[in-house]
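This report describes the fold of one chain and its contact with a second chain. The sequence and structure come first.

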Amino acid sequence: MTSNDARRRRVLATGLGLMTVLLLGAGLAAGSEGWSLPALWRTWNDGDALGIVAAIRAPRTLGAWLTGALLGLSGAVAQGLFRNPLADPYLLGSASGASLAVVLVLAASTLGGHAISFATADALARFGLVGAAFVGALLGVMLTLTLARGAQQTTRLLLAGVVVGVVLAALSDLVTSAAPDALRGKQAFMLGSTGFLGWISCAILAAGLVVALPPSWRLARALDALTLGDDTAASLGLPLLQVRVALVGVIALATGVAVSQAGLIAFVGLAAPHLVRRFAPAAHGFSVVASAAAGGVLLLLADVLARVLIAPDEVPVGVLTALLGGSYLIWLLRRGRTP
Amino acid sequence: MTALRVEGVDVTLGSTHALRAVTLDVGAGWTAIVGPNGAGKSTLLRVMAGLLPPDRGRVVLDGTPLTALSSGERATRLAWLAQQGEATGELTVREVVRLGRLARQGLFGAPSAEDEARVEQVMADAECLAWQERRLHELSGGERQRVFLARAIAVDAPLLLLDEPTTHLDPPHQILLAHLLRRQVDSGVTVVSVLHDLSLALLADHLVIVDRGRLCASGSSRDSTLHRVLIEVFGGAIRVERFEQRWIVIPHIDG
């Protein structure tokens, strides 16, 4: 590592840490009337206001960071595993698989005529959605890999991902046309929202991160070895099948947990690893962890903006990340740096 | 001293019989595998490395079938260099060479001071120490090839399998490679390399000639009978001549 590389990594790590602290503060201060630090200060002396901050803004803010971290982590692992800088959870079928599974659960919940939404789902339903989203994400990735006959052919992989996304979205539409009461919950899910994240969601998201981050970091050297090609990695003693299964499991877990709590939030998984590589290119040991932190910062920033841009109304955070992430990719393309 | 035996190996790739009933013993020293394009040289090396399971036959390393070794055991006993090394990602030269120590450290281990010293030594030997901090994608093809070579040597395996190690190398670095391989052999390492450069191949101790998936001949690289087989498999398009106490191959343009 050169001193310049080390300096850039230190700057990025410090910047991400500072931005996390600042945005956590901004997230606590941002309410339906816009955001105000003096107002936040006053809530310390106001029991009711403090209750709102503790029950609504604090878990939403922390949950946004955790969701972004899971998406950034899964994006970094996917791009490393598939040696494909365009790989993100959404292009590999995990998000569309998770979406279909969540819609199936929502539809099943409405069969008795009692529609549930993300806002009213109780803890049991949440755990059911997490399980369904995880299984759906895993099946979506497996379906994509099966259609692509592995993960080595970039074009085939992307085409398979697109096909799986379209087919699963169509199935999802079919389910909601048969069970229209699930449509509202599905719409909230598809737009992506941090507005319903409570402390239970935070606990689930934190558990997902605690489970997904260590194996990703521990397998970072396997991701490094894979950059040299499958045969070279195998000649270095890497058990390729087991490593792939573990890393696909990490992607499915991280994506499944994130989308089950916050719906489809676009581009964070794609943009966070790119931003990290751009500011501080490094081996996977650093970039996987930094991408998680960058994903957290990106989604927290989007969440704060979503709350204050048209206050007292809100922009769906998934729409904002799609606009910001899409603009970033267009900017990269215009600069001639194909991501 | 490492001994590798290939026993009756058949390999079919798609509809092509890439290898047919190949039996070969590789002993101490430097063995060069040569033959025309598409002869099955790289396929044979991949089978020797345990990277391509044969349809029939087996590979035995020091009395143990390769399939009986775990991936970790195999990785410490043989090192392999790909024909066209890939260079995605953001790894620096040093980080790539350090990956050569992976099998010794284990996937979850950390490089020791001894590992770092060895990495530095092989980078110096392969003349890539000066730009150890540069990223792989910033290097030319020849520079990258030297890094991959250093990575393979850093494994410190008793058997070194190299597929076209001279790819992208200029003449001075081809000479450097020959010296490096000779030093490896002198220190007890068995080297097997697929080579297109036939003059370089004749610097090896043993020659294995492959054509259309079959083993045509093998023996000492100084054996004139073998030289005649070599000329034959290349359709008479080459000549093998003696020049300054060594054998060289030149194109037989008027042949």
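The sections below go from the overall form of chain B to its sheet, its helices and the contact with chain A.

## Overall form of chain B

The model is predicted. Chain B holds nine helices and 12 strands. Its C-alpha trace spans about 55 × 40 × 35 Å along the principal axes. The radius of gyration of chain B is 18 Å, which agrees with the value near 18 Å expected for a compact globule of 255 residues.

Of the 255 residues in chain B, 45% are buried. When contacts between residues at least 6 apart in sequence are taken, 66% of them in chain B join residues at least 24 apart.

## The six-stranded sheet

Six strands of chain B form an open sheet in the order β6-β7-β8-β3-β9-β10, and the pairing is mixed. β6 and β10 (214-220) of chain B are the edge strands, each pairing on one side only. On average, neighbouring strands of this sheet are turned by 15° against each other, direction ignored.

Several of the pairings can be given residue by residue. Strand β6 (residues 78-81) of chain B runs parallel to β7(B), with four bridges between them; here B:Leu81 stands opposite B:Leu162. On its other pairing, β7(B) is joined in parallel to strand β8 (residues 190-194) of chain B by five bridges, and B:Leu160 faces B:Val191 of β8(B) as its opposite residue. Further along the order, strand β3 (residues 30-34) and strand β9 (residues 206-211) of chain B are also parallel, with four bridges. In that pair, B:Ile33 stands opposite B:Val208.

## Strand β7 and its crossover

Strand β7 (residues 159-163) of chain B is mostly covered, and five of its five residues are buried. The cover extends to both faces: B:Leu159, B:Leu161 and B:Asp163 are buried on one side, B:Leu160 and B:Leu162 on the other. One charged side chain type thus sits among the leucines, since Asp counts as charged.

β7(B) is also part of a right-handed β-α-β unit, completed by helix α7 (residues 171-186) and β8(B). α7(B) lies across β3, β7 and β8 of chain B and runs at about 150° to β8(B).

## Helix α1

Helix α1 (residues 41-48) of chain B is mostly covered as well, with seven of its eight residues buried. The buried residues are B:Lys41, B:Thr43, B:Leu44, B:Leu45, B:Arg46, B:Val47 and B:Met48. After α1(B) comes B:Gly50, which has a positive phi, near 80°.

How does α1(B) lie on the sheet, and which strands does α1(B) touch? α1(B) packs on the sheet against β3, β7, β8 and β9 of chain B, and its direction makes about 145° with that of β8(B). β3, β7 and β8 of chain B are thus touched by α1(B) and crossed by α7(B).

## Contact with chain A

How many residues does each chain bring to the contact? Chain A gives 22 residues and chain B gives 24 residues. On the side of chain A that touches chain B, α9 (220-226) and α10 (230-235) of chain A each supply at least two residues. The residues on this side of chain A comprise 10 nonpolar, six polar and six charged.

How values were computed. Residues numbered from 1 in each chain as written. Chains lettered and ligands numbered in written order. Predicted model: local features only at pLDDT ≥ 70, side-chain atom pairs only at ≥ 80, totals over all residues. Buried ≥ 20, exposed ≤ 12 C-beta atoms within 10 Å, placed from the backbone. Pairing = 2+ DSSP bridges. Right-handed = clockwise from strand over helix to strand, strands pointing away. Contact = placed C-beta atoms within 7 Å. Axes fitted to C-alpha atoms, helices over the stretch in contact; angles between N-to-C directions. Rg over C-alpha atoms; globule rule 2.2 N^0.38 Å.
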